[in-house]
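This report looks at charged side chains and the partners they meet. Please keep the structure open while reading.

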Amino acid sequence: MKLVRYGRPGKEKPGLIDDEGRLRSLAGELDDIGPETLSDKALRKLAKIDPASLPLVRGTPRFGVPLTGIGKFIGIGLNYADHAAETNMPIPLEPIVFMKALSCLSGPDDPVRLPPGSKKTDWEVELGVVIGTRAQYVDEADALDYVAGFCVVNDVSERAFQFQSSQWDKGKGCDTFGPVGPWLVTRDEVMDPQRLDLYLELNGKRMQTGCTETMVFTVAQLVSYLSRFMTLEPGDIIATGTPPGVGMGRTPPRFLKPGDTLRLGIAGLGEQQQSIVAADTAARRAR
């Protein structure tokens, strides 16, 4: 299934995308898409619903983050060897873990707001992994059983903030720096999470082209590793790293500025499009 939440910010309703790519409402079947929806049992029950029996949603409503009740937004750094090389950093011997603030979450097509003082805001298309079952000290061989599904994440990063110290978090969690979606694609629809093509375009020019097969640490390895240090709860999201082609890795570096547009996606998981706006512009639009 391709599960979605659609509507105005804070007023999203649950839905799904049918086999013909049409948006259908799940509002009559469940209150929302959250942690309680993500267990294997709950997803099997949901999958029994005939999409044709669900009402079509008219128009082209905004898509929000495809699930609510997210407890942790975990990032993994330098998880593609060629990305580590372009940033002149060593390939990590174990996963580099950081947290993205929950307040940075935004819909897949919502504007990205440059924070005050931003000089080096960058893009990162990433595979997002959504936990469906509580995971503690899980074996790598069983790790994918704890995954509800997958999604597209743009791990927007302000490099000047990120590298002011050894703590990456403050460059990763600015408001609007976590576009997620458009869909949560359930695990059964992704035959192999290590065979997914990723791409990102800036102003129509291809910047990132990659495949999850070149990850340093696989999805299963990451879920197992993280579960040793923290309990992974249903609804937690893991952003698994980005392939090469980020702005800081270009010669000369290229960072985001107001008026830029991003288009990014992952095969089978949908596409995002974002406009880049200055902080004061976004604030006026919000009022």
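Is glutamate 189 buried, partly exposed or exposed? Glutamate 189 is partly exposed, with a relative accessible area of 39%, where buried means under 20%, exposed over 50% and partly exposed in between (1.4 Å probe, protein chains only). The model is predicted, so that local features need pLDDT of at least 70 and side-chain atom pairs count only at pLDDT 80 or more, while totals for chains, interfaces and linings use all residues. Residues are numbered from 1 along each chain as its sequence is written, and side-chain values use heavy atoms, with hydrogens and water left out.

A search of the whole structure finds 23 salt bridges, each being a side-chain nitrogen of Lys or Arg within 4 Å of a carboxyl oxygen of Asp or Glu. Three of them are listed here.

| Salt bridge | N to O distance |
|---|---|
| Glutamate 189 – lysine 2 | 3.2 Å |
| Arginine 62 – glutamate 12 | 3.0 Å |
| Aspartate 260 – arginine 254 | 3.0 Å |

In the pair of arginine 62 and glutamate 12, arginine 62 is partly exposed at 23% relative accessibility, whereas glutamate 12 is buried at 15%. Aspartate 260 is likewise buried, at 3%, and its partner arginine 254 is partly exposed at 22%. A network of salt bridges also links Lys100, Asp122, Glu124, Asp155, Arg159 and Lys172.

Aspartate 18, buried at 8% relative accessibility, joins its side chain to that of arginine 24 in a polar contact of 2.9 Å, a polar contact being a pair of N or O atoms within 3.5 Å, of which, within protein, one must be able to donate a hydrogen and the other to accept it, and residues adjacent in sequence count only if both atoms are side-chain atoms.
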